[in-house]
Amino acid sequence: MRIKLNLLQLTPDKSPAIYWLHIDMNCITLIKQLKEKVRKVLKESRDIELCFDNVPFLDEDDINAINENEEIALVYF
């Protein structure tokens, strides 16, 4: 599976960036695991939320809550 990550909320001082993230669904099954993986990939120390149309996914949500090629925004706290 691959999803689009919109980093606009993480990098407000820079031009918006969109990245493709390839996900091994054998290793990552929950949104909580995906958030941790994204934080590690981006070397982000702050907590993040993954959102679709400004609605955050819950940590307990299954990774299948995200459709392939869907653009997911990242928001930090």
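Select L50 first in this predicted model. Setting aside residues up to four places away in sequence, L50 touches I31, L34, K35, V55, P56, F57, I72, A73 and L74.

Next, widen the selection to the largest nonpolar core, which has 16 residues. L50 is one of the members that touch the most others, together with I3, L5, L34 and I66. Strand 1, helix 1, strand 3 and strand 5 each contribute at least two residues to this core. Helix 1 provides the largest share, namely three residues.

Now display the strands as a cartoon. The five strands form an open sheet of mixed pairing, and their order is 2-1-5-3-4. Strand 2 (18-22) and strand 4 (55-56) occupy the edges; each has a single partner strand, so one side of each is left without a neighbour in the sheet.

Turn then to strand 1 (residues 2-6), which pairs with strand 2 in the antiparallel sense over five bridges. Strands of a sheet pair through backbone hydrogen bonds. To inspect one bridge here, select L5 together with Y19, its bridge partner in strand 2.

Helix 1 (residues 31-42) is the following stop. This helix packs on the sheet, where it touches strand 1, strand 2, strand 3 (48-52) and strand 5 (71-76). The direction of helix 1 makes about 115° with that of strand 3.

Finally, move to the loop between helix 1 and strand 3 and select E44. Is E44 buried or exposed? Its relative accessible area is 15%, and because the cut-off for burial is under 20%, E44 is buried. Add R46 to the selection: the side chains of E44 and R46 make a polar contact at 2.5 Å.

Technical notes
Residues are numbered from 1 along each chain as its sequence is written. This is a predicted model: local features need pLDDT of at least 70, side-chain atom pairs count only at pLDDT 80 or more; totals for chains, interfaces and linings use all residues. Side-chain values use heavy atoms; hydrogens and water are left out. Two strands pair if DSSP finds at least two bridges between them. Helices (H or I, at least four residues) and strands (E, at least two) are DSSP runs, numbered from the N terminus. Contact means heavy atoms within 4.5 Å. Axes are lines fitted to C-alpha atoms, for helices over the stretch in contact, and angles run from 0 to 180 degrees between N-to-C directions. Buried means under 20% relative accessible area, exposed over 50%, partly exposed in between (1.4 Å probe, protein chains only). A polar contact is a pair of N or O atoms within 3.5 Å; within protein, one must be able to donate a hydrogen and the other to accept it, and residues adjacent in sequence count only if both atoms are side-chain atoms. A nonpolar core is a set of buried Ala, Val, Leu, Ile, Met, Phe, Trp, Tyr and Cys residues joined through side-chain atoms within 4.5 Å.
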